[in-house]
Amino acid sequence: MKEDTKIVKAGRHPEDQLGAVNPPVYHVSTVLVRTLDEFENLRETPEGTMAYGRRGTPTSFALEEAVAEVEGGAGCISSPSGLAAIAGALLAFVETGDHVLVTDSVYSPTRRFCDTVLARFGVTTSYYDPLIGGGIAELLRDNTAVVYVESPGSLTFEVQDIPAIAAAAHARGAKVLMDNTWASPLFFKPFEHGVDVSIQAATKYIVGHSDAMLGTATATAECLGPLRDSVRGLGYCAGPDDAYLGQRGLRTLGVRLRRHHESGLEVARWLERRPEVLRVMYPALPDDPGHAIWRRDFSGASGLFGFVMESGSRAQLAAFVEGCAHFGMGASWGGFESLCIPTTPENHRTATQWAPGGQTMRLHIGLEDVGDLIEDLDRAFARFHKAKG
Ligand SMILES: *Cc1c(COP(=O)(O)O)cnc(C)c1O
C-alpha cells in the first residue's frame with residue numbers, strides 16, 4: 001500500500017461499526033460484563049478490547065492503530081497531550097541513577113520535565129549539541145539509558161543525524177527516543193532510522209485544526225511493553241473526542257502537509273531575499289546547513305520554520321507582530337492557520353550558544369493563499385521600519 005492510501009485506510013474498520021466510515025466516539029468509564037469468569041478476567045483482557053475506559057476504547061484504538069501503521073512502529077499508545085506522551089515515554093526507560101542525553105534544541109517543556117521531575121527521582125540529564133552526530137559516542141556513559149532527539153530542533157531547526165546517533169546509542173545499550181512532531185508520521189520514518197520510540201504532539205499536525213490536545217508514542221516491538229506500562233501506570237488516557245479528532249485529522253495529513261511544505265518553502269525563499277532578514281532556518285532551503293541530511297532522511301518539510309531578523313526596539317517588534325491580518329500570535333502550531341511569534345532560544349540553551357545577532361522569530365505557514373501571507377509579512381516589515389523611533 002502506498003503512503004496516501006495507508007493514511008486513508010489505517011485503523012478503519014467500518015465492518016465493525018454498522019458500516020460507518022469513522023469510528024464512533026465512545027464515552028466510557030465502566031464496561032459491563034455478564035459472568036463472574038469475565039469479571040475476574042477483566043484485567044487480563046487482550047490489548048484492543050474494552051475493559052475500562054482508561055484502558056482504551058475503539059475510538060482510541062483506531063487512532064493508535066492508524067498512527068502505528070503510518071509511522072511504521074509495532075504499536076502506539078495515546079496520551080492526553082504531546083507533553084504527556086513525552087513524560088510517559090521518558091519514564092518508561094529510566095530509573096534512579098540513570099543518565100539521559102537530550103538535544104540542546106529540545107522543546108523547552110521537555111527540558112523542564114528532565115530538569116525537575118526526572119532530577120527529583122535521581123535521573124541526571126545532560127544536554128548535547130544537536131549537530132553532534134556520531135560524536136555522541138564520547139558523551140555516552142555506562143548509565144546512559146536514553147538518548148533523546150528532536151529533529152529539526154524546536155525554534156532553531158537544526159537537523160540531527162539520527163542514524164549516526166542511534167548507532168552510537170545502541171552500541172552502548174541506550175534507547176533512542178525521538179520527538180517527531182515537526183515531520184509528522186508522514187515525512188520522517190523514525191523506525192527506518194534507528195529510533196526506538198517516536199513521539200508525536202498530535203495536537204499539531206495530526207489533529208491539524210487547533211482544536212484538541214493529544215499525544216502519541218509509537219514504539220518498536222521491544223519497547224512497546226515498557227512504554228504501555230508507563231503511560232498506563234501514570235493514568236494517562238486521551239479524551240474520546242480528542243482521540244476521534246486525531247484519527248479524523250490523520251486522513252487529510254497528506255494533502256495538508258504537501259501544501260504546508262510548498263507554501264512554507266515559498267515564504268522562506270521570499271524571506272531570504274529580504275534585507276532585514278539575517279538568516280532563515282528551514283531545512284528544505286538548499287543552503288540550510290541541515291539540507292543534505294534532511295534530503296537524505298526526510299520525504300518532505302512541514303510549514304514550521306524560523307528566521308532571524310535585524311534587532312529593533314520593543315515597539316518595532318510589537319508593530320511587526322501585532323498588526324498582521326493573517327498571521328496570528330499564539331503558542332502551538334500545526335493547524336490550518338498561520339502564526340508568527342518572536343522566540344528566545346538563547347534562554348533555553350546550556351550546551352551550545354544561540355547568538356544569531358538579531359531577533360529570532362518562528363512562523364507557521366498555514367493553508368491560506370501564499371500570496372496573501374507574503375503580503376502580510378511585507379506589511380509587517382513596513383510597520384517595523386515605520387515604528388523606528
Ligand atoms: C507542542 C509540542 C509538544 C507538546 O505538545 P502538547 O500537545 O502541547 O503537550 C512537544 N514537542 C514539540 C516539538 C511541540 O512543538
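Student: Is phenylalanine 320 buried or exposed?
Tutor: Phenylalanine 320 is buried, as its relative accessible area is 0%. Keep in mind that this is a predicted model.

Student: And phenylalanine 384, buried or exposed?
Tutor: Buried too: phenylalanine 384 has a relative accessible area of 1%, and the cut-off for buried is under 20%.

Student: How many aromatic pairs are there in the whole structure?
Tutor: Searching the whole structure turns up seven aromatic pairs. Take tyrosine 205 and tryptophan 333: their ring planes are at 75 degrees, with 5.4 Å between the centres, so that pair is edge-to-face.

Student: Where do tyrosine 205 and tryptophan 333 sit in the chain?
Tutor: They are 128 residues apart, so to speak of "distant parts of the chain" is fair. Tyrosine 205 is in the loop between strand E6 (197-200) and strand E7 (215-219). Tryptophan 333 is in the loop between helix H12 (314-322) and strand E10 (339-342). Both tyrosine 205 and tryptophan 333 are buried.

Student: Back to the phenylalanines. What kind of pair do 320 and 384 form?
Tutor: Phenylalanine 320 and phenylalanine 384 make an edge-to-face pair, with 90 degrees between the planes and 6.4 Å from centre to centre. This pair also links distant parts of the chain: phenylalanine 320 is in helix H12 and phenylalanine 384 is in helix H13 (residues 370-386), 64 residues apart.

Student: Which residues are in the aromatic cluster with them?
Tutor: Trp270 and Phe381 join Phe320 and Phe384 in one aromatic cluster.

Student: New topic: the ligand. Which residues are closest?
Tutor: The closest are Gly82, Leu83, Asp179, Thr203 and Lys204, out of 13 residues that surround the ligand.

Student: What do the side chains of threonine 203 and lysine 204 do there?
Tutor: Threonine 203 has a polar side-chain atom 2.6 Å from a ligand oxygen atom. For lysine 204, an N or O atom of the side chain is 2.7 Å from an oxygen atom of the ligand. Tryptophan 333, from the pair with tyrosine 205, also has a polar side-chain atom 3.0 Å from a ligand oxygen.

Student: How much of the ligand does the protein cover?
Tutor: On its own the ligand has 380 Å² of accessible area, and the protein covers 91% of that.

Student: Gly82 and Leu83 came up. What about helix H4, how many of its residues are buried?
Tutor: Nine of the eleven residues of H4 are buried, so the helix is largely enclosed by the rest of the structure. Among the buried ones are Gly82, Ile86 and Leu90.

Student: What caps the N-terminal end of H4?
Tutor: Serine 81 does, with a side-chain oxygen 3.4 Å from the backbone nitrogen of leucine 83.

Student: And leucine 90, what is it in contact with?
Tutor: Leucine 90 is in helix H4 (residues 82-92), with a relative accessible area of 0%. Leaving aside neighbours within four places in sequence, its contacts include Val100, Phe113, Tyr148 and Leu177.

Student: Last one: where is arginine 111?
Tutor: Arginine 111 lies in helix H5 (residues 108-120). Arginine 111 is placed over the face of tyrosine 127, 4.0 Å from the ring centre.

Student: Is that arginine 111 buried or exposed?
Tutor: Arginine 111 is buried, at a relative accessible area of 8%. Not counting residues up to four places away in sequence, arginine 111 touches Asp104, Val106, Tyr127, His348, Arg349 and Thr350.

How values were computed
Residues are numbered from 1 along each chain as its sequence is written. This is a predicted model: local features need pLDDT of at least 70, side-chain atom pairs count only at pLDDT 80 or more; totals for chains, interfaces and linings use all residues. Side-chain values use heavy atoms; hydrogens and water are left out. Rings of Phe, Tyr and Trp (its six-membered ring) pair if their centres lie within 6.5 Å; planes under 30 degrees apart count as stacked, over 60 as edge-to-face and the rest as tilted. Helices (H or I, at least four residues) and strands (E, at least two) are DSSP runs, numbered from the N terminus. Buried means under 20% relative accessible area, exposed over 50%, partly exposed in between (1.4 Å probe, protein chains only). A charge sits over a ring if NZ of Lys or CZ of Arg is within 6 Å of the ring centre and within 35 degrees of the ring normal. A residue is near a molecule or strand if one of its heavy atoms lies within 4 Å of it. A polar contact is a pair of N or O atoms within 3.5 Å; within protein, one must be able to donate a hydrogen and the other to accept it, and residues adjacent in sequence count only if both atoms are side-chain atoms. Accessible areas come from the Shrake-Rupley method with a 1.4 Å probe; for residues, only the protein chains shown count as cover. Contact means heavy atoms within 4.5 Å.
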